[in-house]
Amino acid sequence: MAGADPAAAHGLGSRTDLPLPVWMFAYGAAAALLISFAGLAVFWRSARLEGGGGGRVILEPSGLTRLLAMAARAIGLALFVLLIAAAAFGDADTVENIAPVFIYVVFWVGLTLISALIGDLWRVVSPFDTLAAILERVAGPDRQLAPYRFGRWPAVAGLTGFVWLELVYPYRAEPRTLAAAVGIYSVAVLLATLRWGRQWLRQGEAFTVLFGLLANMAPLYADEEGRIRLRPPLTGLVGLKPDAATQAVVIVALGSTSFDGLSRTRFWVDLTRNLDTMPNTLLATLGLVWATSIVTLAFVGAMRVTGRLQRRRHTELSAAFIHSLVPIALAYAVAHYFSLMVFEGQSALALASDPLGRGWNLFGTAGNPVDFTAVSAATIAYVQAAGIIAGHVAGVVVAHDRALVLFPHREATRSQYPLLAAMVVFTVGGLALLLGA
């Protein structure tokens with residue numbers, strides 16, 4: 001158990017001692033969603049989120065804030081260099097090298113949660129933005145940039161590549177594999193910034209785009225003048241850019257966690273048990289595509305039905321309501337990666353003292369054992385169920401608020417029936433995959 005690869009074992013707790021049967025979890029979650037929808041129809045009769053994302057200023061730009069931002073950038077760049085050094089030159093054993101747990105737990109899971117619950121920290125600590133700023137200053141203000149026409153599609157490609165590496169590639173946790181992946185991606189990003197400028201990161205860099213989308217739910221954000229503002233949670237979602245590439249980013253995030261749940265079920269384990277590496281990789285790739293396609297069909301199908309009922313184009317409605325899936329994407333991430341954060345996060349603390357596996361003990365934590373009794377299987381199940389339910393309820397709230405902007409109150413409620421049905425399916429299916437694994 002202690003030697004489980006971080007990328008290959010997202011859930012370490014047993015599911016043989018659930019506090020309640022899986023069907024009871026699923027029925028309770030569906031009931032909670034339906035009750036929430038009924039309550040919104042009765043008591044939420046006018047839009048409250050739209051136009052409410054300004055918030056109040058809690059911190060003005062100052063010399064101190066600029067100094068803190070510079071320190072954060074320096075820390076982000078130093079950790080990036082350490083990561084590359086550990087992956088390329090550290091111990092080749094995945095358990096002795098900090099690179100796998102840093103990428104898949106500290107970076108991927110940690111920043112996902114921080115972005116959604118606090119604010120867009122990646123925008124401050126991103127080594128790509130820091131390096132792009134340095135390149136921008138070296139090149140000078142007169143440098144000619146090429147016109148950019150690809151929107152957020154490079155971010156879709158980058159995110160798809162990362163989740164494929166995390167969930168499908170058989171050697172995903174090997175340090176040398178990660179060194180090659182990080183190196184290739186970093187070179188591609190920096191070449192793109194040289195061609196299209198630093199602002200390209202806001203559209204084309206996968207993690208800047210994804211963490212930025214999740215940060216729309218957070219209570220803290222920085223405005224155009226650099227002031228830190230406090231706003232009600234979820235209000236930032238109303239300003240989400242509803243283009244096709246943004247929709248694809250959200251769908252990939254949802255589809256990847258859905259496949260993660262599928263890949264840990266007994267059905268999938270039995271299906272792939274006797275396959276060699278190449279057939280297993282091919283089947284997992286098809287499974288990832290299938291899971292993402294199911295999410296796409298469920299959402300687009302709901303929008304098509306709503307479009308027919310309300311005599312609107314389904315593409316227009318898909319763009320209008322895609323922001324309601326962002327809380328669900330967060331919920332799936334919390335549910336799928338909670339146990340990974342609890343258990344492998346302890347490994348990160350131990351490996352921080354010896355990141356390259358050289359026998360160091362810089363902070364006195366090297367060799368600390370992982371406490372697998374920190375949380376029980378029952379606690380993990382409750383957290384997963386609560387996370388998925390909360391995320392879907394938040395999605396229903398956001399969708400209902402947007403419907404009140406587009407339709408009269410009575411029609412707004414009716415227009416949400418197809419999307420509500422899709423969310424019930426997401427809720428029950430997500431819990432069945434997680435708790436039945």
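**View 1. Ile-118 sits in the loop between helix H3 (98–117) and helix H4 (122–125).** Welcome to this predicted model; the tour begins at a surface spot. Ile-118 counts as partly exposed, because its relative accessibility is 46%, between the 20% that bounds buried residues and the 50% that bounds exposed ones. Ile-118 also belongs to a nonpolar surface patch, together with Ile-114, Leu-117, Leu-121 and Val-124. Taken together, these residues have about 380 Å² of accessible area.

**View 2. Helix H2 covers residues 63–89.** How far apart should the ends of its 27 residues be, at 1.5 Å a residue? The expected span is 39 Å, and the end C-alpha atoms lie 38 Å apart, so the two values agree.

**View 3. Here we look at the buried residues of H2, among them Ala-72, Gly-76 and Phe-80.** Leu-83, Ala-86 and Ala-87 are buried in this helix too. In an α-helix, residues three or four places apart point the same way, because there are 3.6 residues a turn. Which helices do the buried residues of H2 pack against? Their partners are H3, H4, helix H5 (127–139) and helix H7 (175–196).

**View 4. Leu-356 lies in the loop between helix H14 (326–351) and helix H15 (377–406).** Is Leu-356 buried or exposed? Leu-356 is buried, because its relative accessible area is 13%, which is under the 20% cut-off. Leaving aside residues up to four places away in sequence, Leu-356 touches Leu-82, Ala-85, Ala-86, Gly-90, Asp-91 and Glu-96. For a sense of distance along the chain, Leu-356 and Ala-78 are 278 residues apart in sequence, while their C-alpha atoms are 15 Å apart in space.

Methods
Residues are numbered from 1 along each chain as its sequence is written. This is a predicted model: local features need pLDDT of at least 70, side-chain atom pairs count only at pLDDT 80 or more; totals for chains, interfaces and linings use all residues. Side-chain values use heavy atoms; hydrogens and water are left out. Patches are made of residues with over 30% relative accessible area and no salt bridge: like charges are joined within 9 Å, nonpolar side chains (Val, Leu, Ile, Met, Phe, Trp, Tyr) within 5 Å. Accessible areas come from the Shrake-Rupley method with a 1.4 Å probe; for residues, only the protein chains shown count as cover. A salt bridge is a side-chain nitrogen of Lys or Arg within 4 Å of a carboxyl oxygen of Asp or Glu. Helices (H or I, at least four residues) and strands (E, at least two) are DSSP runs, numbered from the N terminus. Buried means under 20% relative accessible area, exposed over 50%, partly exposed in between (1.4 Å probe, protein chains only). Contact means heavy atoms within 4.5 Å. The expected span of a helix is 1.5 Å times one less than its number of residues.
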